[in-house]
Amino acid sequence: KKKKKKKTYFMHQKLFLTLVSIFFLIGLNAQKLSKNEKKIIKNIEQNNAEAISFLEKVVNINSGTLNIKGVEKVGQEFATAFEALGFESTWIPMPEEMNRAGHLFAEIKGSKGKKLLLIGHLDTVFEEDSPFQAFEMVNDSIAHAPGGNDMKGGDVIVLYALKALKENGLLNDAQIIVAFTGDEESTGDPLEKSRKDLIAAAKRSDIALGFENSTGFNYATVARRGSSGWKVEVEGKRAHSSSIFSENTGAGAIFEMSRILNGFYTNVRGEDLLTFNP
């Protein structure tokens, strides 16, 4: 798939707060910050410089999808960090013929609250031959970073949101799976193998949250467009052009295909949130 290159990552405290609130306040419509929430914010502010430093570290490790060793190295950095929070990490390699690195899963087991699945990815669109390779701070709040927005920044937010919860004793007896795939930008084939473990983790969870930036820092996307593909084949009778539309020859394959497509235009267009692209 083609993706627009994203260079700018904004390390914004409101983004951290939004995501921590998702972990801690699912289903709660709070008007004022609680005592625990204020503590979480304090931890986030205290860890902000460390989070940026960690982001710089993993950004400066090239992990283009086809750079298998690079993806594995980024995965190891996150694995070590999650283990320090009490998570058990697992690296799931892909078959050699797939030419993909594998996936990092980290889990903390418990029975309290909703079972969460937090999704990210380790690979980027910037392969080893890309001229864009290094993290660079532009000012005190903006950095140019290959894969910073898509999506090592989101991965770091998962890590440091969990760190803030850990430091406030809010991970005790929680059930959380972190799943960072290594082939999001160019998915390994067959899909049944490359996404098997992610699907299995989803089946064990109540809520799944993806941390790649979508519509902006202050929003959570709750639905995505689905898609289906169709192949239409038509047949016509070979005949001289002079006999087109005759009872014996008919309209021919091209006109029949046009009639079918026009039927979609007539009957399908206008449906809310539905698009049709032949």
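This report walks through some strands, a helix, ring pairs and charged pairs in one protein model. The model is predicted, so keep in mind that everything here is computed from it.

**The strands around β7**

Let's start with β7, which covers residues 174–181. Is this strand buried or exposed? It's well covered, with eight of its eight residues buried. You can check this side by side: Ala174, Ile176, Val178 and Phe180 sit on one face, while Gln175, Ile177, Ala179 and Thr181 sit on the other, and all of them are buried.

Which strands pair with β7? One is β3, which runs antiparallel to β7 and is joined to it by five bridges. Look for Leu104, whose bridge partner in β7 is Phe180. Glu107 is another handy landmark, since it stands opposite Ile177 in β7. Then there's β4, made of residues 112–121, which pairs with β7 in the parallel sense over seven bridges. Here you can find Ile119 opposite Ala179.

Now back to β3, residues 102–108, where seven of the seven residues are buried. This strand also pairs with β2 (residues 88–93), in the antiparallel sense and over six bridges. To spot that pairing, find Thr90 and look across to its bridge partner in β3, Phe105.

**Helix α4**

Next up is helix α4, residues 148–167. How many of its 20 residues are buried? The count is 18, so the helix is mostly covered. Just after α4 comes Gly169, which takes a positive phi of about 70 degrees.

**Rings**

The model has nine aromatic pairs. In one of them, Phe82 and Phe87 have ring centres 5.8 Å apart and planes at 55 degrees, so this pair is tilted. Both Phe82 and Phe87 are buried. Compare that with Phe126 and Phe132: their ring centres are 5.2 Å apart and their planes sit at 85 degrees, so they are edge-to-face. Phe126 is buried at 4% relative accessibility, and Phe132 is buried too, at 15%.

Some ring pairs also join up. Phe54, Phe78, Phe82, Phe87, Tyr160 and Phe180 are linked into a cluster this way. You've already met Phe180 as the partner of Leu104.

A ring can have a charge over it as well. Arg269 lies over the face of Tyr265, 4.3 Å from the ring centre.

**Charged pairs**

Side chains of opposite charge can pair when their charged atoms come close. How many salt bridges turn up in the whole structure? The search finds seven. The table shows three of them.

| Salt bridge | N to O distance |
|---|---|
| Glu77 and Lys57 | 3.0 Å |
| Glu107 and Arg204 | 2.4 Å |
| Lys163 and Glu167 | 3.4 Å |

Take the pair Glu77 and Lys57, joined by a salt bridge. The two are 20 residues apart and link distant parts of the chain, with Glu77 in helix α3 (residues 68–83) and Lys57 in helix α2 (residues 35–59). Lys57 is partly exposed, at 44% relative accessibility.

Glu107 and Arg204 form a salt bridge too. These two are 97 residues apart: Glu107 belongs to strand β3, and Arg204 to the loop between α6 (196–203) and β8. Are the partners alike in cover? Glu107 counts as buried because its 16% relative accessibility falls under the 20% cut-off. Arg204, on the other hand, is partly exposed at 43%.

Lys163 and Glu167 bring us back to helix α4, where they are four residues apart, which means about one helical turn separates them. Lys163 is buried at 18% relative accessibility, while Glu167 is partly exposed at 37%. Through salt bridges that share partners, Glu50 joins Lys163 and Glu167 in one network.

**A nonpolar patch on the surface**

Last stop: the surface. Which residues make the nonpolar patch of about 310 Å²? They are Ile244, Phe245 and Phe255. Ile244 is in the loop between β8 (207–210) and α7 (253–268), and with 35% relative accessibility it counts as partly exposed.

Notes
Residues numbered from 1 in each chain as written. Predicted model: local features only at pLDDT ≥ 70, side-chain atom pairs only at ≥ 80, totals over all residues. Heavy atoms only, no water. Buried < 20%, exposed > 50% of the residue type's maximum accessible area, 1.4 Å probe, protein only. Phe/Tyr/Trp six-rings, centres within 6.5 Å; stacked < 30°, edge-to-face > 60°. Lys NZ or Arg CZ within 6 Å of the ring centre and 35° of its normal. Patch = residues over 30% accessible without salt bridge, like charges linked within 9 Å, V, L, I, M, F, W, Y side chains within 5 Å. Areas by Shrake-Rupley, 256 points an atom, 1.4 Å probe, with all protein chains shown as cover. Salt bridge = Lys/Arg side-chain N within 4 Å of Asp/Glu carboxyl O. Pairing = 2+ DSSP bridges.
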